[in-house]
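Please look at the predicted model shown here. The text after it goes through one part of the fold, step by step.

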Amino acid sequence: MGMAAGQARLLSITARLSDNEASGQALSYSKQRLADETEQLNTNYNNALAATKLQVITGFNGSVANYTDISYNLMTGYNTVAFGRQYVVTDTKGKILVTDKQAKAFEAGNGDFNIFLAELGYCQSGIGNLTNEEIETKIHEAWDAYFNSVGIDFDDEEHEEGDPEINFGYTSFGNNTMFNGYATYTIKGTTKAINYEGTTQEQRELYDYALALTNQYYTNGSYNPVGSTANIVLQTTDDVEESYIDYLRNIFNKMFSAGYYTEDNESDTIKDDAWFEQQITEGKLLLEYYSSTEKGFVSTTVSEDDAIQEVEDDRELARVEAKYNQDLAAIEKRDKIIDLELKKLDTEHNALQTEYESVKNVIDKNVEKSFSMFS
């Protein structure tokens, strides 16, 4: 090999060695990054192993409690939580979160419980299979209860002197839509509308019940919902449990006293169980349950409520484990590829180093021979 050719070959080998070492260094960095990814993956996996979910007791199988994953519909439904406890969901300011249907029913009634019920398809009074005489007696007793609560006596001067026997009826004043008419009383031949004169919730409830009973009897339970063109027949306590009407009354009273709101995209929010659970867990939504002792809703929390428990989320754990194994397998595959590349580079580096030493020795001998020739 000539001197010039040897020098050129040596430079070429040196450049290839440099590229080889640079590639090896890059692969070493990649291998380090894989080690960091593996460490982070293990950290995330260990954190995920602590994943929990909220469940609500919904009944018993003998002495064993049955639990169901928490959801808005479960927490706010009728008799959906064991112990017969009624819950509502509020924001941090106390406003109750209701469905769009409940909000529209409330707005249609403008604070009138009977209309609120009717918009939802219900009436709080039932007359069953009673005779007309029995129904009229029931109506009379219902109005008497209201009148007694507000101190009305039809024998005093303020409320008409005369025969204490009062005839109750109903007039629509040209409008046959249920609850937009008036209950009436007739005394001494004069018929008047019965206006609400109470100040307490109890008095209001007595009035509303008597009014509903009167309307139910005189209109045959017919009602024309807002935005509808057809009358419907309302379900009464003959059709549903009276406690269901109480359940709706509690919601109505909470809306009336604390205010209410709905989610803009109801189908994507309160019907999304994962979203609801996250809001409850993070304290963005709060829970209250109805206390018969307090006669209203009282606050409760996930940690203190005996109907709610926090348990390991088996489904989430299975999902996390599957993803962990998949990601780990991908990292290991990349790591093996890097190892093969490093091994290839190492083999190439050894070959180049050997060739480099060989060429260098040839050049050194040629140089040495040249010096000997001219010395």
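What follows describes a sheet and then a helix that lies across it.

Begin with the sheet. Three strands form an open sheet in the order 5-6-7, and their pairing is antiparallel. Strand 5 (167–171) and strand 7 (190–193) are the edge strands, each pairing on one side only. Neighbouring strands in this sheet are turned against each other by 35° on average, with direction ignored.

Strand 6 covers residues 182–187 and pairs with strand 7 in the antiparallel sense, over four bridges. At Ile187, the bridge partner in strand 7 is Thr190.

Next comes helix 6, which takes in residues 201–219. This helix lies across strand 5 and strand 6, and runs at about 70° to strand 5. Its length can be checked: at 1.5 Å a residue, the 19 residues of helix 6 should span 27 Å, and the end C-alpha atoms are 26 Å apart, so the two values agree.

Which residues of helix 6 are buried? They are Gln203, Tyr207, Asp208, Ala210, Leu211, Ala212, Leu213, Thr214, Asn215, Gln216, Tyr217 and Thr219. Buried here means under 20% relative accessible area. The cover over these residues includes strand 5 and strand 6 from the sheet, along with helix 4 (113–119), helix 5 (132–150) and strand 8 (222–223).

Just after helix 6 comes Asn220, which takes a positive phi of about 60°.

Methods:
Residues numbered from 1 in each chain as written. Predicted model: local features only at pLDDT ≥ 70, side-chain atom pairs only at ≥ 80, totals over all residues. Heavy atoms only, no water. Pairing = 2+ DSSP bridges. Helix = DSSP H or I, 4+ residues; strand = E, 2+ residues; numbered from the N terminus. Axes fitted to C-alpha atoms, helices over the stretch in contact; angles between N-to-C directions. Contact = heavy atoms within 4.5 Å. Expected span 1.5 Å × (residues − 1). Buried < 20%, exposed > 50% of the residue type's maximum accessible area, 1.4 Å probe, protein only.
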